[in-house]
Amino acid sequence: MARAADKSANAFRTIGEAAETIGVPQHVLRFWETRFPELQPMKRGGGRRYYRPADMALLETIRSLLHDQGMTIRGAQQLLAASKGERSRWWCLPSKRRRLQTRPK
């Protein structure tokens, strides 16, 4: 079976390949699906998940918000809801980030 790194950038990823690429366990991806309505991988027979390139980009964004920037799930939800598909990086600006909920250091 081809590994995620060997696939085309436009190829769909299984949950195992997506988890390996993003760097989180599979159960975390399933949990994020329940918390972020924007994340809706395609599901095939038997409930197998296939992540599109757009889903992979969203997963990277969610991982960055939660793990790298230290936001809470609620803060990340608010940010993604406010951007509604906008893929800009305006959320990096300190003035915008201050208004959102962040995890205490």
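Met42 has Tyr50 of S3 as its bridge partner, within an antiparallel pairing of S2 and strand S3 (residues 49–51) that extends over two bridges. This is a predicted model. The chain contains five helices and three strands, arranged along the sequence in the pattern β-α-α-β-β-α-α-α. The helices H1, H2, H3 and H4 each contribute at least two residues to the largest nonpolar core, and four salt bridges are counted in the structure.

**Sheet**

- The three strands form an open sheet in the order S1-S3-S2, and the pairing is antiparallel.
- Strand S1 (13–14) and strand S2 (42–43) are the edge strands, each of them pairing on one side only.
- Strands of a sheet pair through backbone hydrogen bonds, in either the parallel or the antiparallel sense.

**Chain-level quantities**

- The chain has 105 residues, of which 37% are buried.
- Of the contacts between residues at least 6 apart in sequence, 50% join residues at least 24 apart.
- The exposed area of the chain is about 6600 Å², and carbon and sulfur atoms supply 52% of that area.

**Nonpolar core**

- The largest nonpolar core comprises 21 residues.
- Leu29, Trp32, Phe36, Leu39, Tyr51, Leu59 and Ile62 are the residues with the most contacts inside this core.
- At least two core residues come from each of helix H1 (15–22), helix H2 (26–35), helix H3 (53–68) and helix H4 (73–83).
- H3 provides the largest share of the core, namely six residues.
- Leaving aside residues up to four places away in sequence, Phe36 touches Ile62, Leu66, Ile73, Ala76, Gln77 and Leu80.
- In soluble globular proteins, nonpolar side chains tend to be buried together.

**Helix H1 and the loop that follows**

- The buried residues of H1 are Ile15, Glu17, Ala18, Ala19 and Ile22.
- The cover over these buried residues of H1 includes S1, H2, S3 and H3.
- Gly23 follows H1 and has a positive phi, near 90°.
- Gly23 is located in the loop between H1 and H2.
- The relative accessible area of Gly23 is 59%, so this residue is classed as exposed, the cut-off being over 50%.
- Gly23 and Arg63 are 40 residues apart along the chain, and their C-alpha atoms are separated by 8.7 Å.

**Helix H3**

- With 16 residues at 1.5 Å a residue, H3 should span 22 Å, and the 21 Å between its end C-alpha atoms agrees with this expectation.
- The buried residues of H3 are Asp55, Met56, Leu58, Leu59, Thr61, Ile62, Arg63, Ser64, Leu65 and Leu66.
- S1, H1, H2, S3 and H4 are included in what covers the buried residues of H3.
- Gly70, just after H3, adopts a positive phi of about 75°.

**Salt bridge between Arg49 and Glu33**

- The side chains of Arg49 and Glu33 form a salt bridge with an N to O distance of 2.9 Å.
- This pair links distant parts of the chain, since Arg49 belongs to strand S3 and Glu33 to helix H2, 16 residues apart.
- Both Arg49 and Glu33 are buried.

**Salt-bridge network around Arg63**

- Arg63 and Glu60 meet through their side chains in a salt bridge of 3.6 Å, N to O.
- Arg63 and Glu60 are three residues apart in helix H3, so about one helical turn separates them.
- Arg63 has a relative accessible area of 18% and is therefore buried, the cut-off being under 20%.
- Glu60, at 33% relative accessibility, counts as partly exposed because this value falls between the two cut-offs of 20% and 50%.
- A salt bridge also connects Arg63 with Asp68, whose closest N and O atoms are 3.3 Å apart.
- Through shared partners in these salt bridges, Glu60, Arg63 and Asp68 are joined into one network.

Methods: Residues numbered from 1 in each chain as written. Predicted model: local features only at pLDDT ≥ 70, side-chain atom pairs only at ≥ 80, totals over all residues. Heavy atoms only, no water. Helix = DSSP H or I, 4+ residues; strand = E, 2+ residues; numbered from the N terminus. Buried < 20%, exposed > 50% of the residue type's maximum accessible area, 1.4 Å probe, protein only. Contact = heavy atoms within 4.5 Å. Areas by Shrake-Rupley, 256 points an atom, 1.4 Å probe, with all protein chains shown as cover. Core = buried A, V, L, I, M, F, W, Y, C linked by side-chain atoms within 4.5 Å. Pairing = 2+ DSSP bridges. Expected span 1.5 Å × (residues − 1).
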